Each structure stands twice: as C-alpha cells, then as structure tokens.
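Let's take a relaxed walk through a protein model. Have the picture open while you read, and we'll go from the whole chain down to a single helix pair.

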Amino acid sequence: MKPDIEMLNHKTIVDFIGSIFDRRGGEEYLGEPVTMGEHMLQGATIAEQNGQSEEIIVAALLHDIGHFTSEFGTFTMDDTEDRHHEHAGAEVLERFFPRVITDCCRYHVAAKRYLCATRPEYFKRLSEASIHSLNLQGGAMSPDEVAVFEKNPNLDTIIAVRYLDEAGKRPDMETPDFWHFAPMVQRQVDRHSRVNA
C-alpha cells in the first residue's frame, strides 16, 4: 500500500524514509545476493568513499525507494512485465528533493537501457536479475530514445548513480546504516525547501 505522503513535510520525510529502511530494508532485492537496504546503502557508501557529491550519495541511497512505496509491489525473477518502481519512487521524492535526485530515481532504469545502447561493455556488468529486468523494461534504447535521453540536464549524475546501482550488489560489504547518511539527506531536503519556499 502506498504511504500517505500528503501527511509528510520537509521536517518529517527523512525520519519517514529512515523508518522504511529500518522496517523493510531486509527485504529481498530482485534475486540479488543482497537485501534492498544493503543494495542502496552500498551504492551510497561507495559514492561517499570515492568522494562523490552529496547529490550523488543521496541519489544512490534513494534510487530504488520505489520498491518500498510502489503499489505494484516488488519485482521478482518470475515477473513477465515491468512494475515501474522508478516512477513510484520519483513521485514520492519529487515533493521533497531537488530535481537532480528525483531524476536519478526516475531515470535509473532508462540509464541502464541507455548505457546498454551506447556503451556495449556496460552489459557485461549486469547481473542475471538486471538482465531479466532489462528485457522487461524494453531492452537497449533505440537511437531516437538515446537522442532524447541525452537532452536531460542531469544526465551525468543519472549515469553516475546507475554505475553505483550495479556496484551495490556485494554480499560481503559492510556499510553504515541509513542514519549515517540522514544529515546529508536532510540537507538536500532543506535545499529543495528553500528553493521552493
């Protein structure tokens, strides 16, 4: 069931997201060797360890939040159609976060399709589950789709988060929990709130 995001505001959204990680972070992640929470925390941790911007760290942390909020439920290896978790997640985030972070959520699936079309070596990075979902999501982009996607002003950040998405699938990696990242998540929320005040 979708949460009632109308009841949330810029002062409560970070705690709400943290509660999702605490309550549901241990759920299976698409047939991968990590849980949903581990996957997103790994992406954020790798970004932080590599000195990436807070935007990229927070986007990596939240890119798959739609798996928790989507009324369509979670992808499985038995699925025969896409569940569009990226749009469900972006709909929740766009009220509270700068567009660059929302775009990383909304377009991380498109970024996989884009990279498969423009960087053939990228396909070799994909796990079995990621290849399965790619097929449900339309496969590699067509040249026309590539041309449209490249017009997104946040393209470089979206691509950076997509690489972190693939990297965050290590069964033996230790990470801090969500609350380690919560202050930077709040800073991004506050930034959005100031711009839209």
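Of the 197 residues in the protein chain, 53% count as buried, where buried means under 20% relative accessible area, exposed means over 50% and partly exposed lies in between (1.4 Å probe, protein chains only). Keep in mind that this is a predicted model: local features need pLDDT of at least 70, side-chain atom pairs count only at pLDDT 80 or more, and totals for chains, interfaces and linings use all residues. Residues are numbered from 1 along each chain as its sequence is written, and side-chain values use heavy atoms, leaving out hydrogens and water.

What is the chain built from? It has eleven helices and zero strands; these are DSSP runs numbered from the N terminus, with helices (H or I) of at least four residues and strands (E) of at least two. Following the sequence, you read the pattern α-α-α-α-α-α-α-α-α-α-α. Among contacts (heavy atoms within 4.5 Å) between residues at least 6 apart in sequence, 74% join residues at least 24 apart.

Now zoom in on helix 6. Seven of its eight residues are buried, so helix 6 is largely enclosed by the rest of the structure. The buried ones are Val100, Ile101, Thr102, Asp103, Cys104, Cys105 and Arg106.

Helix 6 (residues 99-106) packs against helix 10 (residues 155-167) at an angle of about 50°, with the axes 9 Å apart. The axes are lines fitted to C-alpha atoms, for helices over the stretch in contact, and angles run from 0 to 180 degrees between N-to-C directions. That angle makes helix 6 oblique to helix 10, since under 35 degrees counts as roughly parallel, over 145 as roughly antiparallel, 65 to 115 as roughly perpendicular and the rest as oblique. Who does the touching? Helix 6 brings Val100, Asp103 and Cys104, while helix 10 brings Thr157, Ile158 and Val161. These contact residues divide into four nonpolar, one polar and one charged; Ala, Val, Leu, Ile, Met, Phe, Trp, Tyr, Cys and Pro count as nonpolar, Asp, Glu, Lys and Arg as charged, and the others, Gly among them, as polar.

How many disulfides does the structure hold? Zero, a disulfide being a pair of cysteine sulfur atoms within 2.5 Å. Here are two cysteines of helix 6:

| Cysteine | Nearest cysteine sulfur | Relative accessibility |
|---|---|---|
| Cys104 | Cys105, 8.8 Å | 1%, buried |
| Cys105 | Cys104, 8.8 Å | 1%, buried |
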